[in-house]
Amino acid sequence: MAADVAAGSAAAGSAAAGSERVRTLQQEVEGVKTIMSQNVERILARGENLEQLHSKSQDLEATSEHFKTTSRQMARRYWWKNVKLLLILGLVGAIILILIILLATGVIPT
């Protein structure tokens with residue numbers, strides 16, 4: 001009978017140790033699940049941030065292309081304005097020079 005009691009207490013001790021092991025494993029599993037859910041949330045947030053960054057980069061590309069086109073048009077417009085102004089100044093200078101020469105030679109009486 002003493003052997004039965006000893007065997008029963010050994011079995012109870014073994015069951016308690018097994019129960020404690022199961023609890024420890026369950027806690028570890030819960031910890032891993034928490035970490036995994038946090039990682040999944042971070043990955044989703046990163047994906048959203050990447051989509052926003054991609055959208056902003058496309059907007060920036062379109063804006064820069066528009067700026068490039070507009071700046072080219074403005075440069076051409078002002079180049080032609082400059083050429084016209086130089087031609088007009090050259091003609092006025094030439095007319096004044098011709099008048100001075102004609103007055104100095106006496107072709108045009110004063």
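Visitor: How many residues apart are Lys-33 and Glu-30 in helix α1?
Guide: This is a predicted model, in which local features need pLDDT of at least 70 and side-chain atom pairs count only at pLDDT 80 or more, while totals for chains, interfaces and linings use all residues. Residues are numbered from 1 along each chain as its sequence is written, and side-chain values use heavy atoms, without hydrogens and water. Helix α1 (a DSSP run of H or I, at least four residues, numbered from the N terminus) contains both Lys-33 and Glu-30. About one turn of the helix lies between Lys-33 and Glu-30, a spacing of 3 residues.

Visitor: What distance separates the closest N and O atoms of Lys-33 and Glu-30?
Guide: Side chains of opposite charge can pair when their charged atoms come close. Lys-33 and Glu-30 form a salt bridge (a side-chain nitrogen of Lys or Arg within 4 Å of a carboxyl oxygen of Asp or Glu). Their closest N and O atoms stand apart by 3.5 Å.

Visitor: Which residue forms a salt bridge with Arg-23?
Guide: The whole structure holds 2 salt bridges. In the one that involves Arg-23, the N to O distance is 3.0 Å. The two residues are separated by about one helical turn because they are 3 residues apart in helix α1. The partner of Arg-23 is Glu-20.

Visitor: Does Glu-20 count as buried, partly exposed or exposed, and what class does Arg-23 take?
Guide: The relative accessibility of Arg-23 is 45%, and that of Glu-20 is 44%. Buried means under 20% relative accessible area, exposed over 50%, and the class in between is partly exposed (1.4 Å probe, protein chains only). Arg-23 and Glu-20 therefore both count as partly exposed.

Visitor: How are the rings of Trp-79 and Trp-80 arranged?
Guide: The structure holds 1 aromatic pair. The ring centres of Trp-79 and Trp-80 are 4.8 Å apart and the planes meet at 80°. Rings of Phe, Tyr and Trp (its six-membered ring) pair with centres within 6.5 Å, and planes under 30 degrees apart are stacked, over 60 edge-to-face, the rest tilted. The pair of Trp-79 and Trp-80 is therefore edge-to-face.

Visitor: What percentage of the residues count as buried?
Guide: The chain has 1 helix and 0 strands. Ile-100, within helix α1 (residues 2-105), is exposed at 52% relative accessibility, and Trp-79 is partly exposed at 49%. Of the 110 residues of the chain, the share that counts as buried is 0%.
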